[in-house]
Amino acid sequence: RIVGEVDLPEGASRIMLLFRSAPDRDDEAYRIFAFDNDLARFPPGAYRFFNSAPQPLVCWLGENRFELAPDSQRIASARGDENGNVTLRLYRQEDGELVRIYSSVWQVKNSRRTTVFLTPSETRVREVSVRKFVEPIIDEKDGE
């Protein structure tokens, strides 16, 4: 039984797949998202955001502002303060106004890459769930 289908990004040397259950669909059990996972385009210390929420989001990572349409991704970098801290803020549009839906202080470190999944909240209407996956970067010379 086929559980889902997705077109793969053209020319990608590595691909990451995200499976989300699709109980509202009769033809597929999962909605599958595929995105380019080429680490040459995902620098150390950067954050990769993927929005699978149904609404567009406006994001600030420190002073870096960007928008994420539904089912889109973006790699963003920011400078941390003297302690490596940066604030991530997420907003949605509501009646022409930006409404903040998330704010947190995160760390910027060149020893890791972070993928952030923005999905519809399972507990709150019109909100998003923020989940991050941190990948340490291992220096092959040191093993660290």
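In the predicted model, Asp-71 lies in the loop that connects strand 5 to strand 6 (72-76). The backbone of Asp-71 adopts a positive phi of about 65 degrees, although this residue is not a glycine. Asp-71 is classed as partly exposed because its relative accessible area, 37%, falls between the limits of 20% and 50%. A second aspartate with a positive phi is Asp-95, a residue other than glycine for which the angle is near 55 degrees. Asp-95 is placed in the loop between strand 7 (85-94) and strand 8. With a relative accessible area of 78%, Asp-95 exceeds the 50% limit and is therefore exposed.

Several of the strands that flank these loops belong to an open sheet of four strands, in which the order is 5-4-7-8 and the pairing is antiparallel. Strand 5 (64-68) and strand 8 (97-107) form the edges of this sheet, each pairing on one side only. Neighbouring strands of the sheet are turned against each other by 20 degrees on average, direction ignored. Strands of a sheet pair through backbone hydrogen bonds, in either a parallel or an antiparallel arrangement. For strand 4 (residues 57-61) and strand 5, the pairing is antiparallel and extends over five bridges. Within this pairing, Val-58 stands opposite Glu-67 of strand 5, and Cys-59 stands opposite Phe-66 of strand 5. Strand 4 and strand 5 also constitute a hairpin with two residues between them. In the turn of this hairpin, Gly-62 has a positive phi of about 65 degrees.

Another open sheet of four strands has the order 6-3-9-10 and mixed pairing. Its edge strands are strand 6 and strand 10, and each of these pairs on one side only. From one strand to the next, the twist averages 15 degrees. Strand 6, one edge of this sheet, is also the strand that follows the loop containing Asp-71. A parallel component of the mixed sheet is provided by strand 3 (residues 47-51) and strand 9, which pair over five bridges. In this pairing, Phe-49 has Val-116 of strand 9 as its bridge partner.

Strand 9 and strand 10 also contribute to the largest pocket. The volume of this pocket is about 160 Å³. At least two lining residues are supplied by each of strand 1 (15-21), strand 9 (112-120) and strand 10 (128-136). The largest share of the lining, four residues, comes from strand 1. The lining comprises Leu-18, Phe-19, Arg-20, Ser-21, Phe-117, Thr-119, Pro-120, Glu-122, Ser-129 and Arg-131. By residue class, the lining divides into four nonpolar, three polar and three charged residues.

One of the lining residues, Glu-122, is found in the loop between strand 9 and strand 10. Glu-122 has a relative accessible area of 74%, over the 50% limit, and is therefore classed as exposed. The C-alpha atom of Glu-122 is separated by 23 Å from that of Arg-74, the two residues being 48 apart along the chain.

Note on methods
Residues are numbered from 1 along each chain as its sequence is written. This is a predicted model: local features need pLDDT of at least 70, side-chain atom pairs count only at pLDDT 80 or more; totals for chains, interfaces and linings use all residues. Side-chain values use heavy atoms; hydrogens and water are left out. On a 1 Å grid over the protein atoms alone, a cavity is a set of points where a 1.4 Å probe fits but cannot get out, and a pocket is an open set with protein on both sides within 12 Å along at least five of seven lines; lining residues have an atom within 4 Å of a point. Grid points are joined across faces, edges and corners, and a volume is the space filled by probe spheres set on the points. Ala, Val, Leu, Ile, Met, Phe, Trp, Tyr, Cys and Pro count as nonpolar, Asp, Glu, Lys and Arg as charged, and the others, Gly among them, as polar. Two strands pair if DSSP finds at least two bridges between them. Axes are lines fitted to C-alpha atoms, for helices over the stretch in contact, and angles run from 0 to 180 degrees between N-to-C directions. Buried means under 20% relative accessible area, exposed over 50%, partly exposed in between (1.4 Å probe, protein chains only).
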